[in-house]
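Here's a quick tour of a protein model you may want open on your screen. Have a look at the fold before reading on.

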Amino acid sequence: MDELLKGKYPELPHPGKRLPYGYKVSESEPRVIVPIPSVIPVLEEALNQLDNGVSIRVACDFLNSRVGPLYPLSHMGLTRVRKRLRPGTTRKQTVRKTVV
């Protein structure tokens, strides 16, 4: 878990406006934002579900049920987080049957 936080979710300088999802202002240094350890694993699992073909709303419901009411995220917010963290990934397409 610590490797994930240091590698993919490092401490960042405060952006001055809206914080990225999964980050909070550091208690020791207000100019730095740090990842929230309880949110990051759940966020990664929701992103993995999206990569495996789960719908955006189902993944969002999963995320919100696990992180609680303190860190809610809409389906569009999850889409933006996915574009920021995993650029170039697309959802697996389901095979559609054709009716003849």
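What follows covers the sheet, the core and the largest pocket of this predicted model.

## The sheet

Let's start with the strands. There are three of them in an open sheet, lined up in the order 1-3-2 with antiparallel pairing. Strand 1 (12–13) and strand 2 (23–25) sit at the edges, each pairing on one side only.

Strand 3 covers residues 32–35 and runs antiparallel to strand 1, with two bridges joining the pair. If you want a spot to zoom in on, try leucine 12: its bridge partner in strand 3 is isoleucine 33.

## The nonpolar core

Next, the greasy part. The largest nonpolar core has 21 residues, and Tyr21, Leu43, Leu63 and Leu78 are the ones touching the most other members. Helix 2 (40–51), helix 3 (56–67) and helix 4 (75–85) each give two or more residues to this core. Helix 2 provides the largest share, with six residues.

Which residues does leucine 78 contact, once you leave aside its neighbours within four places in sequence? Leu43, Leu47, Leu50, Ile56, Ala59, Cys60, Leu63 and Leu73 make up that list.

## The largest pocket

Finally, the pocket. The largest one holds about 190 Å³ of space. Its lining is made of Arg18, Leu19, Pro20, Tyr21, Leu73, Ser74, Gly77, Arg80, Val81 and Arg84. Sorted by character, the lining residues come out as five nonpolar, two polar and three charged.

Tyr21 is worth a click here: this residue lines the pocket and is also among the core residues that touch the most other members.

Notes:
Residues are numbered from 1 along each chain as its sequence is written. This is a predicted model: local features need pLDDT of at least 70, side-chain atom pairs count only at pLDDT 80 or more; totals for chains, interfaces and linings use all residues. Side-chain values use heavy atoms; hydrogens and water are left out. On a 1 Å grid over the protein atoms alone, a cavity is a set of points where a 1.4 Å probe fits but cannot get out, and a pocket is an open set with protein on both sides within 12 Å along at least five of seven lines; lining residues have an atom within 4 Å of a point. Grid points are joined across faces, edges and corners, and a volume is the space filled by probe spheres set on the points. Ala, Val, Leu, Ile, Met, Phe, Trp, Tyr, Cys and Pro count as nonpolar, Asp, Glu, Lys and Arg as charged, and the others, Gly among them, as polar. Two strands pair if DSSP finds at least two bridges between them. Helices (H or I, at least four residues) and strands (E, at least two) are DSSP runs, numbered from the N terminus. A nonpolar core is a set of buried Ala, Val, Leu, Ile, Met, Phe, Trp, Tyr and Cys residues joined through side-chain atoms within 4.5 Å. Buried means under 20% relative accessible area, exposed over 50%, partly exposed in between (1.4 Å probe, protein chains only). Contact means heavy atoms within 4.5 Å.
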